[in-house]
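Hi,

Here is the structure I said I'd pass on. Have a look at it first, then read my notes below.

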Amino acid sequence: MNRADLNSFFDSRNIISGLTDEEISKRLEYLEPIKAFSRATYTSIYVIDYLKQGFEFVSDNPLFLCGNTAEEIQEMGYSFYFKHVPEADLELLLKINSAGFDFYEKLPITERTQYTITYDFHLKNKEGKLILINQKLTPLFLTETGKIWKAICIISLSSERKAGNIKIYKNGENKVYNYNLNKGFWEDSEKTSLSKREKEILQLSTRGFTINEIANEIYVSPDTVKFHRRKLFEKLEVTNISEAIVYATNNKLI
């Protein structure tokens with residue numbers, strides 16, 4: 001792939017030539033709540049504008065910035081990826097882009113903003129080291145013809161071991177759509193569910209509770225907590241509680 005070809009990130013099916021006055025008037029000042037949320041939660045967020053083919057907002061959280069300022073990333077737009085994403089993962093992002101639009105095109109227009117696509121890829125930080133991040137992309141606004149005009153992206157550390165892991169969720173639906181990179185199609189399955197006890201242990205673990213403290217809080221023995229943690233790790237295919245927390249958060253399990 002030609003690294004200089006920024007247009008490759010913008011699928012021809014989603015090219016927006018212009019907007020109606022009605023489309024524009026409905027979406028004025030929408031960025032202010034997003035900015036407030038990013039300040040309050042210190043979440044790494046950016047907003048894509050597909051009409052301008054760039055970034056409309058980038059939060060100050062350093063995870064996504066790779067040593068740049070938010071203003072510099074916003075100015076770079078998609079050039080940022082060519083600078084900070086390794087070649088193999090650039091190819092992966094283009095596959096995800098195409099697969100995502102294949103999926104969205106088959107959805108009723110009225111439902112498209114209810115879906116979120118999530119996937120993992122590497123970023124090269126300012127020290128030159130690769131970190132695996134998870135990105136969730138959700139359409140914010142559509143044109144009248146159903147094209148994605150703006151989308152919000154939320155970045156967090158990934159709990160996975162390698163790039164890919166492409167999934168789509170619908171808000172309120174207990175189903176996940178997994179993209180098979182080798183075979184090139186989407187497969188649907190039931191979303192992973194946690195027991196009440198597993199959720200309790202995860203929620204208390206996010207607050208820094210030790211095994212003994214969790215046992216006291218939920219009135220069970222430490223061995224019982226250890227048992228449920230082992231089952232939780234097996235279910236989520238992780239090796240420790242930190243990975244379990246990241247996985248559960250990224251996959252909306254808690």
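**Pockets first**

The lining of the largest pocket is made up of six nonpolar, nine polar and two charged residues. (Ala, Val, Leu, Ile, Met, Phe, Trp, Tyr, Cys and Pro count as nonpolar, Asp, Glu, Lys and Arg as charged, and the others, Gly among them, as polar.) For the second largest pocket, the split is three nonpolar, three polar and six charged. A pocket here is an open set of points on a 1 Å grid over the protein atoms alone, where a 1.4 Å probe fits, with protein on both sides within 12 Å along at least five of seven lines; lining residues have an atom within 4 Å of a point.

Before you go on: this is a predicted model, where local features need pLDDT of at least 70 and side-chain atom pairs count only at pLDDT 80 or more, while totals for chains, interfaces and linings use all residues. Residues are numbered from 1 along each chain as its sequence is written, and side-chain values use heavy atoms, with hydrogens and water left out.

**Asn180**

Now find Asn180, in strand S7 (residues 175-180); strands are DSSP runs of E, at least two residues, numbered from the N terminus. Is Asn180 buried or exposed? Asn180 is buried, because its relative accessible area is 16% and buried means under 20% (exposed is over 50%, partly exposed in between, 1.4 Å probe, protein chains only). A polar atom of the Asn180 side chain lies 3.1 Å from the backbone nitrogen of Asn182. Beyond neighbours within four places in sequence, Asn180 is in contact (heavy atoms within 4.5 Å) with Phe185 and Glu187.

Cheers

Note on methods
Helices (H or I, at least four residues) and strands (E, at least two) are DSSP runs, numbered from the N terminus. A polar contact is a pair of N or O atoms within 3.5 Å; within protein, one must be able to donate a hydrogen and the other to accept it, and residues adjacent in sequence count only if both atoms are side-chain atoms.
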